[in-house]
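Work through the exercises below with the structure open. Try each task before reading its solution.

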Amino acid sequence: MMVFISGGVRSGKSKVAEGYARKLAIPEFSLHYIATASADDDEMKQRIIHHQKRREKQPIQWATWEQPVCLDQLVGSFTKEDVVLLDCLTNWLANELFRDGSWKEEKLCFRKAAYMWETLERLAGACKALIIVSNELFCGGVPADIGTYHYMKMLGWLHQKIVAEAEVAVLVQHGVATVKKGELF
């Protein structure tokens, strides 16, 4: 099962995704969190701490995987009883594209995006449910610089692939979840 939860920055999408994951996870040790963010600046450090503290307060224990790149290495870590929350696709894509200069050539960007899509399919096939969190970045248009253009083009391609295959797609705005495909609860 694949679930896609998107929204703007600080829209409440991670909280919605965590709530949905908890409802799907039985027994409690089947709940996994793949964290793709890197604590590169103070703001991101604070966001990571905020997410960690929120999960620590929950009645179900999360197994956390800090994995900013190469998520394919985790596929064998999950069983069909596991619910896996990937937070978030936008960080993972940036990490993959900008770590080695791939962002400069569209063909290389597509290769990375295709690898990511294949990894998502493998992850979804390895567990009970894969919940993917991502940011919506398309309201203001696409900036002219080539790196951002390639990044946003790949993100849009990934979003379309994911939503086409997902059983559930949700848009979160101001903490309110609007189901766009399937049923959330």
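H174 counts as exposed, at 78% relative accessibility. The cut-off for exposed is over 50%. The model is a predicted one.

**Exercise 1. The turn at H174**

Task: Find where H174 lies and state what kind of phi it has.

Solution.
- Step 1. Locate the residue. H174 sits in the loop between strand 6 and strand 7.
- Step 2. Look at the two strands. Strand 6 covers residues 168-173 and strand 7 covers residues 176-181; they pair in the antiparallel sense over 5 bridges.
- Step 3. Pick one bridge. L171 has T178 in strand 7 as its bridge partner.
- Step 4. Name the motif. Strand 6 and strand 7 form a hairpin, with 2 residues between them.
- Step 5. Read the angle. Phi of H174 is near 55°, a positive value in a residue other than glycine.

**Exercise 2. Another positive phi**

Task: Is R10 buried, exposed or partly exposed?

Solution.
- Step 1. Place R10. The residue lies in the loop between strand 1 and helix 1.
- Step 2. Check the backbone. R10 is not a glycine, yet its phi is positive, about 60°.
- Step 3. Classify it. The relative accessible area of R10 is 48%, so the residue is partly exposed.

**Exercise 3. Strand 4 and its neighbours**

Task: How many residues of strand 4 are buried, and which strands pair with it?

Solution.
- Step 1. Count. In strand 4, 5 of its 5 residues are buried.
- Step 2. Sort the side chains. V83, L85 and D87 point one way, while V84 and L86 point the other way.
- Step 3. Take one neighbour. Strand 2 runs parallel to strand 4 and is joined to it by 5 bridges. Here A35 has D87 as its bridge partner.
- Step 4. Take another neighbour. Strand 5 also pairs with strand 4 in the parallel sense, over 5 bridges. V83 stands opposite A129 in strand 5.
- Step 5. Move on to the loop. C88 is found between strand 4 and helix 3. The peptide bond joining D87 and C88 is cis, with omega about 5°.

**Exercise 4. The span of helix 4**

Task: Why does the end-to-end distance of helix 4 agree with its number of residues?

Solution.
- Step 1. Take the length. Helix 4 runs over residues 106-126, which is 21 residues.
- Step 2. Apply the rise. At 1.5 Å a residue the helix should span 30 Å, and its end C-alpha atoms are 30 Å apart, so the two agree.
- Step 3. Find the covered side chains. The buried residues of helix 4 include C109, M116, W117 and L123.
- Step 4. Ask what they pack against. Among the partners are strand 1, strand 5 and helix 5.

**Exercise 5. Helix 5 and H159**

Task: Is H159 buried or exposed, and what does it touch?

Solution.
- Step 1. Start with the helix. H159 belongs to helix 5, residues 146-165.
- Step 2. Compare the spans. Helix 5 has 20 residues and reaches 29 Å from first to last C-alpha, close to the expected 28 Å.
- Step 3. Inspect its start. D145 caps the N-terminal end, with a side-chain oxygen 3.3 Å from the backbone nitrogen of G147.
- Step 4. Classify H159. Its relative accessibility is 7%, so H159 counts as buried. The cut-off for buried is under 20%.
- Step 5. List contacts. Leaving out residues up to four places away in sequence, H159 touches F4, L89, S134, N135, E136 and F138.
- Step 6. Single out one of them. The side chains of H159 and S134 are joined by a polar contact of 2.7 Å.

**Exercise 6. The largest pocket**

Task: Which helix supplies the largest share of the lining of the largest pocket?

Solution.
- Step 1. Take the volume. The largest pocket holds about 760 Å³ of space.
- Step 2. Find its centre. Of the 32 lining residues, M44, R47, H51, C88 and N91 are the closest to the centre.
- Step 3. Trace the contributors. Helix 1, strand 2, helix 2 and helix 3 each supply at least two lining residues.
- Step 4. Pick the largest share. Helix 2 gives 9 residues.

**Exercise 7. Q73**

Task: Where is Q73, and is it buried or exposed?

Solution.
- Step 1. Locate Q73. It lies in the loop between strand 3 and strand 4.
- Step 2. Classify it. Q73 has 57% relative accessibility, so it counts as exposed.
- Step 3. Find a partner. The side chains of Q73 and Q67 make a polar contact of 3.4 Å.

Notes
Residues numbered from 1 in each chain as written. Predicted model: local features only at pLDDT ≥ 70, side-chain atom pairs only at ≥ 80, totals over all residues. Heavy atoms only, no water. Helix = DSSP H or I, 4+ residues; strand = E, 2+ residues; numbered from the N terminus. Buried < 20%, exposed > 50% of the residue type's maximum accessible area, 1.4 Å probe, protein only. Polar contact = N/O pair within 3.5 Å; in protein donor to acceptor, adjacent residues only side chain to side chain. Contact = heavy atoms within 4.5 Å. Expected span 1.5 Å × (residues − 1). Pairing = 2+ DSSP bridges. 1 Å grid on protein atoms, 1.4 Å probe; cavity = no way out; pocket = protein on both sides within 12 Å on 5 of 7 lines; lining within 4 Å. Points joined across faces, edges and corners; volume = space filled by probe spheres on them.
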